[in-house]
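Welcome, and please open the model in your viewer. We will go from one selection to the next, with a short look around at each stop.

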Amino acid sequence: MAVVEDGHWIRWHERYDDPSSSLSRRLAVVQRRLREALDNAPPGPVRLISMCAGQGRDVIGVLTRHRRQREVCARLVEIDHSLAQQAKQAAAHAGLASVEVVEGDASTTSAYAGAVPADVVLVCGVFGNVSASDIRATVHELRRLTADGATVIWTRHRRPPDLTPAIRGWFTESGFDEVAFDTEDDWAFGVGTNRLAARSLEFRPERRMFTFVGDGSGAHV
C-alpha cells in the first residue's frame, strides 16, 4: 500500500460528489452494470464482494433501490478506517443489514473467506494502482473467488500505455467471457464486465493478489 498523507483518500472520494467528474461518470456506468448483474443472477440468494470498496457508493447506491435487495449478501472490504466507517454508516442508514463492511486488506484472499464463491465481484479503482503482473495475478485468482456463471465488474483507465486490451485478454485466458467493455468519449476510464464461463476453482486462503502502490491518480482521469 502506498504511503499517503492522512485524509488523502477522503479528499479523493469527494470527486464523486462532482457530477462533471470522471469518477461520477464511471460510478454511473459501474452501477448500471451492477444492476444488470443482479437482475440476471439466478433466483435465490446472491453473494457479492467488493475489493477496495471505499465508501461503498457503487454497491449501496444500487441495493438501496434494487428489487432483489433482500436476496443480496454483500461483503465490502476497505482498509482505510474513515472510508470503512462511512460505508458502514451508509449501509445502516439505507437499512441494508445484509451488507457487511470489513475494515481490512482487500488484497488478500482471506478477506473474503466465508463470502465466496461470490455471484458478483467488484474490482473498481484497483487496477489503475497496481502493477500489470499483479493485475494478471488478480484476474487469475478471481476464478477461485467466483461461483459458476458469476459476474466480475472491473475498472481501469485507458491512458497510455493502455493496459485494458491486455486485461481483457487475461480475463479470456482465465475462463471469463466478456459481457461488455464501456467507455465514454472525452473520458479515459474503462469499465469491464465479464462472466465466468469456465468452472470455478477451489478457494485458496492467505493468497496475496496485489500490492496497492498508487495514490489514486491511476484510478481517475
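## Stop one: a pair of side chains

Select R33 and D182 and show their side chains: a polar contact of 2.7 Å joins them. The model you are looking at is a predicted one. Along the sequence, R33 and D182 are 149 residues apart, while their C-alpha atoms lie 9.5 Å from each other in space.

Stay with R33 and colour its surroundings. R33 belongs to helix α2, which runs over residues 22-40. Is R33 buried or exposed? R33 counts as buried because its relative accessibility is 13%, and the cut-off for buried is under 20%. Besides D182, the side chain of R33 has a polar contact of 2.8 Å with the side chain of E36. Now expand the selection to the contacts of R33, leaving out neighbours within four places in sequence: you should pick up I153, A180, D182 and T193.

## Stop two: the whole chain

Zoom out and switch to a cartoon. How many helices and strands are there in the chain? The chain has six helices and seven strands. Follow the cartoon along the sequence and you will pass through the pattern α-α-β-α-β-α-β-β-α-β-α-β-β.

Next, colour by burial: 51% of the 221 residues count as buried. A contact map is worth a glance too. Among contacts with a separation of 6 or more, 81% are between residues 24 or more positions apart. If you turn on the surface, the chain exposes about 10,000 Å², and 48% of that comes from carbon and sulfur atoms.

## Stop three: one side of a helix

Select helix α5, residues 132-142, and show its buried residues: D134, I135, T138, V139, E141 and L142. Look down the axis and you can see that these residues cover an arc of only 165°, so they sit on the same side of α5.

What covers the buried residues of α5? Add these elements to the view, which are among those that cover them:

- β1 (46-51) and β4 (118-123)
- β5 (146-157) and β6 (176-182)
- helix α6 (164-173)

## Stop four: a cluster of rings

Keep β5 and α6 on screen and show the aromatic side chains. The chain has four aromatic pairs. Begin with F127 and W154, a tilted pair with 6.0 Å from centre to centre and 45° between the planes. F127 is in the loop between β4 and α5, and W154 is in strand β5, so this pair ties together parts that are 27 residues apart in sequence. Both F127 and W154 are buried.

Now move from W154 to F171. These two rings are stacked, 5.6 Å centre to centre with 15° between the planes. This pair links distant parts of the chain, with W154 in strand β5 and F171 in helix α6, 17 residues apart. F171 is buried, as is W154. To see the full group, select F127, W154, F171, F176 and F181 together: ring pairs link them into a cluster.

## Stop five: a histidine in β5

Remain on strand β5 and select H157, which lies in that strand. H157 counts as buried because its relative accessibility is 10%. Show the side chain, and you will find one of its polar atoms 3.2 Å from the backbone nitrogen of R159. Then add N129: H157 and N129 are 28 residues apart in sequence, with 10.0 Å between their C-alpha atoms.

## Stop six: a serine in β1

Go back to strand β1 and select S50, which lies there. S50 is buried, with a relative accessibility of 2%. Which residues does S50 touch, not counting those up to four places away in sequence? The contacts of S50 are V59, R75, L76, V77, Y112 and L122.

## Last stop: two cysteines

Finally, select C52 and C124. C52 counts as partly exposed because its relative accessibility is 23%. C124 is buried, with a relative accessible area of 10%. You can leave the disulfide display off, as the count of disulfides comes to zero.

Notes:
Residues numbered from 1 in each chain as written. Predicted model: local features only at pLDDT ≥ 70, side-chain atom pairs only at ≥ 80, totals over all residues. Heavy atoms only, no water. Helix = DSSP H or I, 4+ residues; strand = E, 2+ residues; numbered from the N terminus. Buried < 20%, exposed > 50% of the residue type's maximum accessible area, 1.4 Å probe, protein only. Contact = heavy atoms within 4.5 Å. Areas by Shrake-Rupley, 256 points an atom, 1.4 Å probe, with all protein chains shown as cover. Disulfide = S-S within 2.5 Å. Polar contact = N/O pair within 3.5 Å; in protein donor to acceptor, adjacent residues only side chain to side chain. Arc of directions from axis to C-beta. Phe/Tyr/Trp six-rings, centres within 6.5 Å; stacked < 30°, edge-to-face > 60°.
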